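Open the model in your viewer and show it as a cartoon. The stops below say what to select next and what is there.

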Amino acid sequence: MDLFGLLHLDELSHGLANLSMFPYFDIAHYIVSIMALREQPGALEVSRVSPLACWFSSMLFCFGGAVLSGIMLAEPVVAPLSNSTSILLASITWYLVFYCPMDLVYCSAALLPLRLVLSAMKEVTRTWKVLGGVIQAHGKFKDSLLVMIANGWAKGAGGGLISNFEQLVRGVWKPETNELLKMSYPTKITLIGAVLFALQQTHYLPLQTHHLMLIYTVFTVVNKSRMMLTGSSASPFAVIESAVYKTLFTGSSPYAALTDETKNRCIDHGATNGATSTAGTKEIGENGAAVKKTPVSPVKGQSGSLKAKEESENADKTDCKKKK
C-alpha cells in the first residue's frame, strides 16, 4: 500500500506480523485474563473453597477461544491441553495471582501503569488469535465467509462467549449475562476484527495481511488505553449502533428493551410492596367498615406506656394525700 510506504510503516507492519507471542505476550494474556476472573463476584471465595474449580475456570478464561473454535470445527476439545508448556505457564500464573504470599502479584499487576502495559499486550494477542481463527477456517471452508467470521470471533473472544459455562463451574447461573444478549466491548471489537480479516482473506478488502494487522492492533491498543485512562466503559461504536438499530430495527438504542423490562419489573415490585403496606394499615371496624390505622412505631409505643405509668403513679399519690 503506497500510504504505508510514504509513512515508512511498511517495515513496522512486517515486524509486527513476525512478532512472537511466546512467552511475554502470552504471559500478559494469562495475567489479565486471570485477574479478570479474580475480580468476578464470588471468584475469590471459590478459590478458597475449591482450588480445582478455580483452576478450571482460569483455564477457560485463558484458552476458551481455542476450546470454542475446536467445537465449531469438529476438532478435539482437549487440543489446547496438548501444549504442556502453555498449560504450565498459565497454571503458574493462576497460582501467583490467587495464592501469592501477601498478594504481591495481584497488587503489583493491578497498578495502573503496569496494568495498562499488560492490557495493551493482551490486545496484541487478540489480533493473532482472530487472524489465526480466520485462517484456520479458511483452510477448511474456503468459500464460506460466515464460517471464517464465526471461527475468528470464537478464537478471539471465546472466553466471553462461553462465560455462562465458566460461571457454572463456579456454581453461578446467570443466563441474563449471555454475551449474545448484551455484548461487551471485547466481544464487539473481536467480531469487527473477524469480519475485517475474513474480508481480507477472501480478497473483498484490498489490503495486505500485515497492513491490516497493524491498523487493527493500533486501533485496539489505543482505544483500550483510552478507556482505561479515562475510566470510561462506553463503546466507541455506541453512536453507530444506535443509528443502525434505530434505522433497521425501529428502536431507540440497542438493549433498550432489556433496560425497559428491568425498569418495569422494579416499578411493578414497588407497586406491589406499596399495596401490601397500605393493606397492612387498614383494619375492619366494629360496623364492618374499613378503618385506616397508622401503625405505631416501637419508640412511640414505649413512650406512651411510660406516660401512662407516670399518670397512674401521680393519681395514686394524689389519692394518698387526700386520704391523709
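## The whole chain

The protein chain has 15 helices and two strands. Keep in mind that this is a predicted model. Colour the chain by burial: of its 324 residues, 35% are buried. Now switch to the surface view. The accessible surface of the protein chain is about 19600 Å², and 66% of that belongs to carbon and sulfur atoms. Contacts come next. Among those between residues at least 6 apart in sequence, 69% join residues at least 24 apart.

## Helix H6

Select residues 84-99, which form helix H6. How far apart are its end C-alpha atoms? They are 22 Å apart, and this agrees with the span expected for 16 residues at 1.5 Å a residue, which is also 22 Å.

Stay on H6 and show its side chains. Ser86, Ile87, Leu89, Ala90, Ser91, Thr93, Trp94, Val97 and Phe98 are buried in this helix. What covers the buried residues of H6? The cover includes H3, H4, H5 and helix H7, at residues 104-109. To display these neighbours, select 24-38 for H3 and 43-49 for H4, then 51-72 for H5.

## Salt bridges on helix H8

Side chains of opposite charge can pair when their charged atoms come close. The model has six salt bridges, and three stops follow.

Select Arg115 and Glu39. Their side chains form a salt bridge, with N and O 2.9 Å apart. Arg115 is in helix H8, residues 112-140, while Glu39 is in the loop between helix H3 and helix H4, so the pair ties together parts that are 76 residues apart in sequence. Glu39 is partly exposed, at 38% relative accessible area.

Move to Lys140 and select it together with Glu75. This pair also makes a salt bridge, and the closest N and O atoms are 2.8 Å apart. Lys140 belongs to helix H8 and Glu75 to the loop between helix H5 and helix H6; the two are 65 residues apart, and the pair links distant parts of the chain. Are these two residues buried or partly exposed? Lys140 is partly exposed, with 45% relative accessibility. Glu75 is partly exposed too, with a relative accessible area of 26%.

For the third stop, select Glu123 and Arg126. Their closest N and O atoms are 3.0 Å apart, in a salt bridge. Both residues lie in helix H8, and being three residues apart there, they are separated by about one helical turn. Glu123 and Arg126 are both buried.

## A nonpolar patch

Return to the surface view and select Phe56, Phe165, Leu168 and Trp173. These residues make a nonpolar surface patch of about 450 Å². Pick out Leu168, which sits in helix H10, residues 163-169. Leu168 is partly exposed, with a relative accessible area of 46%.

## Two cysteines

Finally, select Cys54 and Cys62. Are they buried or exposed? Cys54 is buried, at 2% relative accessible area. Cys62 is also buried, at 5% relative accessibility; the cut-off for buried is under 20%. How many disulfides does the structure hold? The number is zero.

Methods. Residues are numbered from 1 along each chain as its sequence is written. This is a predicted model: local features need pLDDT of at least 70, side-chain atom pairs count only at pLDDT 80 or more; totals for chains, interfaces and linings use all residues. Side-chain values use heavy atoms; hydrogens and water are left out. A salt bridge is a side-chain nitrogen of Lys or Arg within 4 Å of a carboxyl oxygen of Asp or Glu. Helices (H or I, at least four residues) and strands (E, at least two) are DSSP runs, numbered from the N terminus. Buried means under 20% relative accessible area, exposed over 50%, partly exposed in between (1.4 Å probe, protein chains only). Patches are made of residues with over 30% relative accessible area and no salt bridge: like charges are joined within 9 Å, nonpolar side chains (Val, Leu, Ile, Met, Phe, Trp, Tyr) within 5 Å. Accessible areas come from the Shrake-Rupley method with a 1.4 Å probe; for residues, only the protein chains shown count as cover. The expected span of a helix is 1.5 Å times one less than its number of residues. Contact means heavy atoms within 4.5 Å. A disulfide is a pair of cysteine sulfur atoms within 2.5 Å.
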